[in-house]
Amino acid sequence: MAPADSPYAQTVCVMDASGHLGMNLVERLLERGYTVHAAVQNQGDMQPFKGCENKNLRIFRSDPLDYQSIMDAMKGCSGLFYTFEPPQDQSAYDEFMTEVEVRAAHNVLEACAQTETMAKVVFASSITAVIWREKRNKSTTDLDERNWSDPNFCRNFKLWHALSKTLAEKTAWALAMDRDVNMVSINAGLLTGPDLSIANPYLKGAAEMYEDGVFVTVDVKFLVEAHICVFEDSSTYGRYLCFDHLINRPEDAVKLAQMLLPATPYPQSCENSGIFQQRISNKKLNKLMVDFTSGIQLEA
């Protein structure tokens with residue numbers, strides 16, 4: 001672990017830095033004065049950083065299935081912000097992608113254990129690793145960070161995104177505990193933004209999530225702040241559910257549908273439709289972020 005006065009104390013790695021979350025993390029970390037190792041999978045992924053002349057930014061090509069390239073990107077870093085981006089030639093989530101994501105998580109956590117300066121890892125996971133199980137709508141208590149999706153349930157219903165996130169996160173936690181790596185995870189809702197489309201694998205089972213009161217979304221700026229908050233706060237531990245909006249009303253569902261399929265006509269009135277009770281809690285993160293940031297409010 002890097003001591004506070006170490007030259008590595010403010011050097012962090014963002015992997016994969018080419019995605020929507022990764023790029024925003026890099027930008028915000030640079031604003032906060034960090035030296036950032038931006039790890040991307042392909043040469044073409046470096047394009048967004050071409051015009052950046054920040055002396056605190058270093059760009060690395062790092063394949064999550066290539067252990068040595070991971071080690072190179074993390075060398076000298078005291079922190080890692082890890083988010084998995086599917087390879088461009090294998091962008092669809094299926095059973096094969098599950099194997100790839102699990103192997104990537106294993107490689108990255110093993111590399112963290114071998115990086116002497118590494119003090120903390122923030123592992124980006126998903127709400128889909130929390131909500132899917134048998135009798136999912138029969139629970140009398142809200143879902144929170146203690147809940148896990150059932151891999152067999154996910155496999156049976158071909159919920160590949162949920163299966164990938166669940167198994168990858170479980171793999172990361174097992175290695176973190178075995179190798180004594182200080183890790184926290186952020187289990188995020190559906191990330192909204194310009195890249196959101198109907199093809200997003202998170203949306204498989206959207207109708208069931210909506211009816212169960214667990215269909216949640218998160219803005220990228222809030223998600224980035226949550227990542228930095230759990231990294232900088234020395235008291236953080238375990239998993240944190242991260243979302244800033246619950247979709248449980250017909251008008252919310254229509255608004256999201258218009259974003260996903262703008263050419264499709266939708267009903268103007270939803271007066272006869274009900275509101276589904278919220279069944280998921282982000283109180284753990286909410287409590288942590290009250291003192292970290294102002295002007296951004298989590299929903300209860």
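Start by selecting Met15, Met74, Leu80, Leu109, Ile131, Phe215 and Ile280: of the 59 residues in the largest nonpolar core, these touch the most other members. Keep in mind as you click around that this is a predicted model.

**Stop one: around Met15**

Stay on Met15 and show what surrounds it. Leaving aside neighbours within four places in sequence, Met15 is in contact with Ala39, Ser62, Ile70, Ala73, Met74, Leu80, Phe81, Tyr82, Thr83 and Val108. Two of those names, Met74 and Leu80, should ring a bell from the opening selection. Now colour a second group: a separate core of 35 residues, which includes Val14, Phe222, Ala226 and Phe231. As background, nonpolar side chains in soluble globular proteins tend to be buried together.

**Stop two: the cysteines**

Next, pick Cys13 and Cys77 and draw a line between their sulfurs. How far is the sulfur of Cys13 from the closest cysteine sulfur? The distance is 5.1 Å, to Cys77, and that is too far for a bond, since the cut-off for a disulfide is 2.5 Å between sulfur atoms. Turn it around and Cys77 tells the matching story: its nearest cysteine sulfur is that of Cys13, 5.1 Å away, and Cys77 is in no disulfide. Don't bother hunting for one elsewhere, either; a search of the whole structure finds zero disulfides.

Are these cysteines buried or exposed? Cys13 counts as buried because its relative accessibility is 0%, and Cys77, also at 0%, counts as buried too.

**Stop three: Trp173**

Now jump to helix α5, residues 160–179, and select Trp173 within it. With 15% relative accessibility, Trp173 counts as buried, because the cut-off for buried is under 20%. Show the contacts here as well: beyond its neighbours within four places in sequence, Trp173 is in contact with Trp148, Met183, Val184, Ser185, Gly238 and Arg239. Take Met183 from that list and check the C-alpha distance to Trp173: the two are ten residues apart in sequence and 7.7 Å apart in space.

**Last stop: a three-strand sheet**

Finally, switch to cartoon and find the open sheet of three strands, ordered β7-β8-β10, with mixed pairing. Its edge strands are β7 (190–191) and β10 (245–246), each of which pairs on one side only. Follow β7 across to β8, residues 216–218: the two strands run parallel and are joined by two bridges. To see a facing pair, select Leu191 and look across to Val218 in β8, which stands opposite.

How values were computed. Residues are numbered from 1 along each chain as its sequence is written. This is a predicted model: local features need pLDDT of at least 70, side-chain atom pairs count only at pLDDT 80 or more; totals for chains, interfaces and linings use all residues. Side-chain values use heavy atoms; hydrogens and water are left out. Two strands pair if DSSP finds at least two bridges between them. Helices (H or I, at least four residues) and strands (E, at least two) are DSSP runs, numbered from the N terminus. A nonpolar core is a set of buried Ala, Val, Leu, Ile, Met, Phe, Trp, Tyr and Cys residues joined through side-chain atoms within 4.5 Å. Buried means under 20% relative accessible area, exposed over 50%, partly exposed in between (1.4 Å probe, protein chains only). Contact means heavy atoms within 4.5 Å.
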